[in-house]
Amino acid sequence: MHLPALGLPIRPTCSSWLLRGALALGALFAGWAEDARAAEADEPPASPQAAGSDLGLGEAIILGIVEGATEYLPVSSTGHLLVVERLLGIGDEERERRAADAYAIFIQAGAILAVLWLYHERVRLMLGGLAGREPDGLRLLVCLLLAFMPAAILGLLFRGAIKGYLFHPGPIAVAWFVGGVVILLFTRFKVRDHEAQGLELTQLTPRMAILIGLAQAFALWPGISRSLVTIIGGVFLGLRLSAAVEFSFLLGLITLSAATGWEALHEGQEMLGAYGWTGLVAGFVSAFIAAILSVKWMVAYLNWRELYLFGYYRILLAAFTAVLLALGLL
């Protein structure tokens, strides 16, 4: 897949508008954190060992591979991790469940590093933009931040409800099935050649970036897949498939970094007590390697195939999960 150079035309006033939005988002983070601390004040403090876990080196590597292999594919890494954890018997108790959820998000750092490794030139361009040397890099970074904000705000506002109602195999199976049908319909009834007739990332506008960000918010439902909604959203807005895929990868850097940092800050001690440094490092390294292989495979695959393979996979996975639920194995 040819991934074009980036240069996103954005008016200078957009940067100041984005700064105001970032400050507002920061205030929201601070307010939510204060409410969370107040809500947790009545709970008795738990020692790190309270989580207790049977997570061994093998399980840590398995979870890392699952995370890395699925993070950037349109199949939902969060859904895969939750189902695999249930099958491995990880997180059966409430305290252990919190540690397991945090661990699943923390090992995303391995997948983040993989994209940083593969797209280091893009990252260098954005850093140069912050330093005032690369206007194209600054424009790209602004668009990525605009796309990041909707999911970040909605995730903070509805974090409790999302974890309480949607982080279960049943809702995940439904999301897998719906997403699979969407992919098959998308590839069956496309009205144009998305790769030949679509727009380059150089033609992306701030409005398009915000709309892609709104699409990403649907992925707060585990099983929907952040990659799926951002890729299809980008294509529907007129981007070439390759351009939409690249923007999805780069947007993942910001979104996953924020989620990983948040969980490490608030649940880091509990994760260490439950899994230890060995488990965290094993998951991180295996996620890094699996993500590199997965991203390279996906880019090569989409050079000569459409997304339909992922649609069939999601539908079969939803059916398999439904069978496991019916048999009481999840």
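**Helix packing and internal spaces in the predicted model**

A282 is found in helix α13, and this residue is a convenient place to begin a walk through the structure, which is a predicted model. With a relative accessible area of 14%, A282 counts as buried, because that value lies under the 20% cut-off. Leaving aside residues up to four places away in sequence, the contacts of A282 are with L57, A60 and I61. The pairing with A60 brings together distant parts of the chain: 222 residues separate A282 from A60 in sequence, yet their C-alpha atoms are 5.9 Å apart in space.

Helix α13, which spans residues 241–301, also appears in the surroundings of helix α6. The latter covers residues 120–130, and its buried residues are R122, V123, L125, M126, G128 and G129. These buried residues pack against α13, as well as against α5 (108–118) and α7. Just after α6 comes G132, a residue with a positive phi of about 85°.

Attention now turns to the spaces inside the model. One cavity of 30 Å³ or more was counted. The largest cavity holds about 850 Å³ of space. Its lining is made up of 36 residues, and those closest to the cavity centre are I105, F167, L220, T255 and A259. Several helices take part in this lining, with two or more residues each coming from α3 (77–88), α4 (94–106), α7 (135–157), α8 (159–165), α12 (226–236) and α13. Helix α13 makes the largest contribution, with six residues. In chemical terms, the lining of the largest cavity combines 19 nonpolar residues with 10 polar and seven charged ones.

A further space is the second largest pocket, for which a volume of about 210 Å³ was computed. The residues around this pocket are V178, G179, V182, A215, F218, I224, L228, V229, I232, G233 and F236. Helices α9 (169–188) and α12 each provide at least two of the lining residues. Here α12 gives the largest share, namely five residues. The lining of the second largest pocket comprises nine nonpolar and two polar residues, with no charged residue among them. Helix α12 thus takes part in both linings, giving two or more residues to that of the largest cavity and five to that of the second largest pocket.

Key. Residues are numbered from 1 along each chain as its sequence is written. This is a predicted model: local features need pLDDT of at least 70, side-chain atom pairs count only at pLDDT 80 or more; totals for chains, interfaces and linings use all residues. Side-chain values use heavy atoms; hydrogens and water are left out. On a 1 Å grid over the protein atoms alone, a cavity is a set of points where a 1.4 Å probe fits but cannot get out, and a pocket is an open set with protein on both sides within 12 Å along at least five of seven lines; lining residues have an atom within 4 Å of a point. Grid points are joined across faces, edges and corners, and a volume is the space filled by probe spheres set on the points. Helices (H or I, at least four residues) and strands (E, at least two) are DSSP runs, numbered from the N terminus. Ala, Val, Leu, Ile, Met, Phe, Trp, Tyr, Cys and Pro count as nonpolar, Asp, Glu, Lys and Arg as charged, and the others, Gly among them, as polar. Buried means under 20% relative accessible area, exposed over 50%, partly exposed in between (1.4 Å probe, protein chains only). Contact means heavy atoms within 4.5 Å.
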